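Thanks for coming, everyone. I'd like to walk you through one model today, so have a look at the screen and then we'll go piece by piece.

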Amino acid sequence: MTAILTTLNLTKAYGSVRALDALTLAVPEGGVYGVLGPNGSGKSTLFRTWLGLIRPTSGEATVLGGPPGTPRRIGSMIETPRFPPFLTARGVLEWLSLESGLKGEAGEIDGLLDRVGLTEASQRKVRGFSVGMHQRLGVAAALLGRPSMVILDEPTSGMDPNGINEMRALIRALADQDGVSIVLASHQLVEVQKVCDRVAILNRGRLAAEGKVADLIGDAGGERLRLQVAETARVAALIGAGAEAQPDAVLVSLTRADAPALIRRLAGEGIDIFEARWVGADLEAVFMQETGGQDAR
Amino acid sequence: MLADAIAAENLRLTRNRATFFWAFLFVPLLALVAEIVGRAFMHAELPAELRVLPVDMADQLVKAFGEAGGAMTVLLSLAGAAVLFAGDYRWETWRLVTPRASRTSLFLAKATTFAGWALVTVILIGTLDAMVAWIGGLMDGSRMTFEMEAGAFVRQLLAVTLVSWVQLLFAGGLVALAATATRSMIAAIMVPIGAFIGLFLLQNRYPVVEGAEEGWKILLIPGHALDYGRVYLAGIETLPGQTLAASVGLAAMAGMLIWLLIGFGGGLAIFLRQDLSKE
């Protein structure tokens, strides 16, 4: 497996706060790789380090086999991008193409504007663009020069549902048809599950879990009974092994045959059960398990 | 790579039409209008016998190019330099370009773009100013003269043009340093203005006494360096038959170079080591 992005004991400290804490990670070439984590888990810091925007405090990082900060044909979009407001969408791409030293193929800019759905707005100044349009233009900018790898931080942020679907399709097409390696961070776990092949989950600057999405979900333990109750901690303690208390429910690993007996026992203990249903494990379950239920952003 | 980055900076600067006009084109136009108004006033007010006095075009040209780096030009060029050097912090666009291009070439492209347009400004001001003087002289029926030997004229014209240009570059360098250190557009303009006031006061507090061994003042105070550099390079006589000593002239040129290095070199040094996480 060839790694396109790596870190080895990478630490970035801001005063006493460690945004990244001895993180070791290798992102394989090809496909779509997701980086997840709650607020302050170090996702953006990691991306900024790979892109050479910030310097690590200690440890190493590599990008396509070399150190970060060396000019390369990589595309990137960090958070919602901003552009000089007096330029048109086309002007932005012309400027970035020159600034990046890309000669560009004839029609490349038109093709990119079309691909992100901005053809009609190509002559409009970006000062009037919505957040979603900025996002689309940012993706077009990241794709300038046909990069072999694209790093996207929250690529669907600020987009409407149609835009999110289009972006998901674009990301998959880039990976599957154009052979571009995509590395993205997103707090929309459903989207990540749909689009990513592998994910890394960061928590407090450390690697909490890493692997193929299907494997991680499988490891999280298949189908579980979700009991919506008032005192989740007490109920989980009553059930014992296989029970996991969440803020508003208890997840229980057991067979369907054992479920009626459990519900009868809890009712006998005076527990009010407001809802009982079977839930399949998903990336959200993995995420909650690995990060202790913190917000994905 | 550098040529592409320069083209990119030019594209972005020239499409920022309002800033581009005020920074680099307004002063030449103002100089043109002022010269026309002055000529019209003289035409209306002066008696005919005074109006037809000969016009020395060599002197007109040297004077026009020598005054092209004046306070007004410097002040407005600060805006152009601030947009170039602080724009990427304001629009948070460093994150778009630094992963694909070297920081050195990005910074040098900005410096080169500023230097190029500053030179255009100086040439426009000097040319338009001298052109109006020439046209005015023709309209008044003045005799056009050229009372300088060709070699001396070329030397003086090049010298005053160079020093006027360096005056603008000095301003641009201070903006580059302030912009990278503070990451703020406002500070990129206000800090150099404060520095200019301070250096002007310093220049008046420590005047250079003719004949005294005061090379340090010329070396360290940019106003002195520019004044003495202009006289030295132009080969202007300080006393009849006497030009500036080479040691004084070299101190002046070293002073100009030091101040350009402090500005642009300091800005580049900071930029190369800077975290661009929050532009």
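Let's start with the buried residues of α11(B): they are Pro222(B), Gly223(B), His224(B), Ala225(B), Leu226(B), Tyr228(B), Gly229(B), Arg230(B), Tyr232(B), Leu233(B) and Ala234(B). Keep in mind throughout that this is a predicted model. That list covers 11 of the 13 residues in α11(B), so to speak of this helix as mostly covered is fair, going by the 20-neighbour cut-off for a buried residue. What does the covering? Among the elements packed over the buried residues of α11(B) are α8 (150-182), α9 (185-205), α10 (215-220) and α12 (246-273), which belong to chain B as well.

As for its geometry, α11(B) takes in residues 222-234 and reaches 18 Å from first C-alpha to last. That is close to the 18 Å expected at 1.5 Å a residue. Step just past the end of α11(B) and you get to Gly235(B), with a positive phi of about 70°.

Staying with chain B for a moment, how many of its residues are in contact with chain A? There are 24 of them, and they meet 26 residues of chain A. On the chain B side, α1 (2-15) and α6 (94-97) each put in at least two residues. The biggest giver on that side is α1(B), with seven residues. If you sort that side of chain B by class, you find 11 nonpolar, six polar and seven charged residues.

Over to chain A, then. Chain A has 297 residues, and 42% of them are buried. You can count 10 helices and 13 strands in chain A, and its C-alpha trace spans about 75 × 45 × 35 Å along the principal axes. Now take the contacts in chain A with a separation of 6 or more: 68% of those are between residues 24 or more positions apart.

Chain A also comes with a domain assignment, which gives domain 1 as 3-216 and domain 2 as 223-279. Taken over C-alpha atoms, the centres of domain 1 and domain 2 of chain A are 41 Å apart.

The piece of chain A I'd like to zoom in on is strand β6. Is β6(A), residues 149-153, mostly covered or mostly open? Mostly covered: five of its five residues are buried. Met149(A), Ile151(A) and Asp153(A) point one way from the strand, while Val150(A) and Leu152(A) point the other way, and all are buried. Yes, that includes an aspartate, Asp153(A).

Who are the neighbours of β6(A)? One of them is β5(A), residues 74-77, which pairs with β6(A) in the parallel sense over four bridges. Within that part of the sheet, Ile74(A) stands opposite Met149(A). Another is β7(A), residues 181-185, which runs parallel to β6(A) and is joined to it by five bridges. There, Val150(A) has Ile182(A) as its bridge partner. To get from β6(A) to β7(A), the chain goes through helix α5(A), residues 161-176, and this β-α-β crossover is right-handed.

A quick stop at Met133(A), which you'll find in helix α4(A), residues 131-142. Why does Met133(A) count as buried? Because it has 20 C-beta neighbours inside 10 Å. Leaving aside residues up to four places away in sequence, Met133(A) touches Leu118(A) and Ala121(A). Then there's Thr80(A), 53 residues from Met133(A) in sequence but 9.9 Å from it in space, C-alpha to C-alpha.

Last topic: backbone angles. As a reminder, most residues other than glycine have a negative phi. Leu64(A) has a positive one, near 50°, and this leucine lies in the loop between β4 (58-63) and β5 of chain A. Leu64(A) is classed as partly exposed because 18 other C-beta atoms lie within 10 Å. On the far side of β5(A), in the loop that leads to α2 (89-99) of chain A, sits Glu79(A). Glu79(A) isn't a glycine either, and its phi is positive at about 50°. With 16 other C-beta atoms within 10 Å, Glu79(A) is partly exposed.

That's my tour. Happy to go back to any part of it on the screen.

Notes: Residues are numbered from 1 along each chain as its sequence is written. Chains are lettered from A and ligands numbered from 1 in the order in which they are written. This is a predicted model: local features need pLDDT of at least 70, side-chain atom pairs count only at pLDDT 80 or more; totals for chains, interfaces and linings use all residues. A residue is buried if 20 or more other C-beta atoms lie within 10 Å of its own, exposed if 12 or fewer, and partly exposed in between; C-beta atoms are placed from the backbone. Two residues are in contact if their C-beta atoms, placed from the backbone, lie within 7 Å. Ala, Val, Leu, Ile, Met, Phe, Trp, Tyr, Cys and Pro count as nonpolar, Asp, Glu, Lys and Arg as charged, and the others, Gly among them, as polar. Domain bounds come from an automatic or database domain assignment. Two strands pair if DSSP finds at least two bridges between them. A crossover is right-handed if, with the strands pointing away from the viewer, the path from the first strand over the helix to the second runs clockwise. The expected span of a helix is 1.5 Å times one less than its number of residues.
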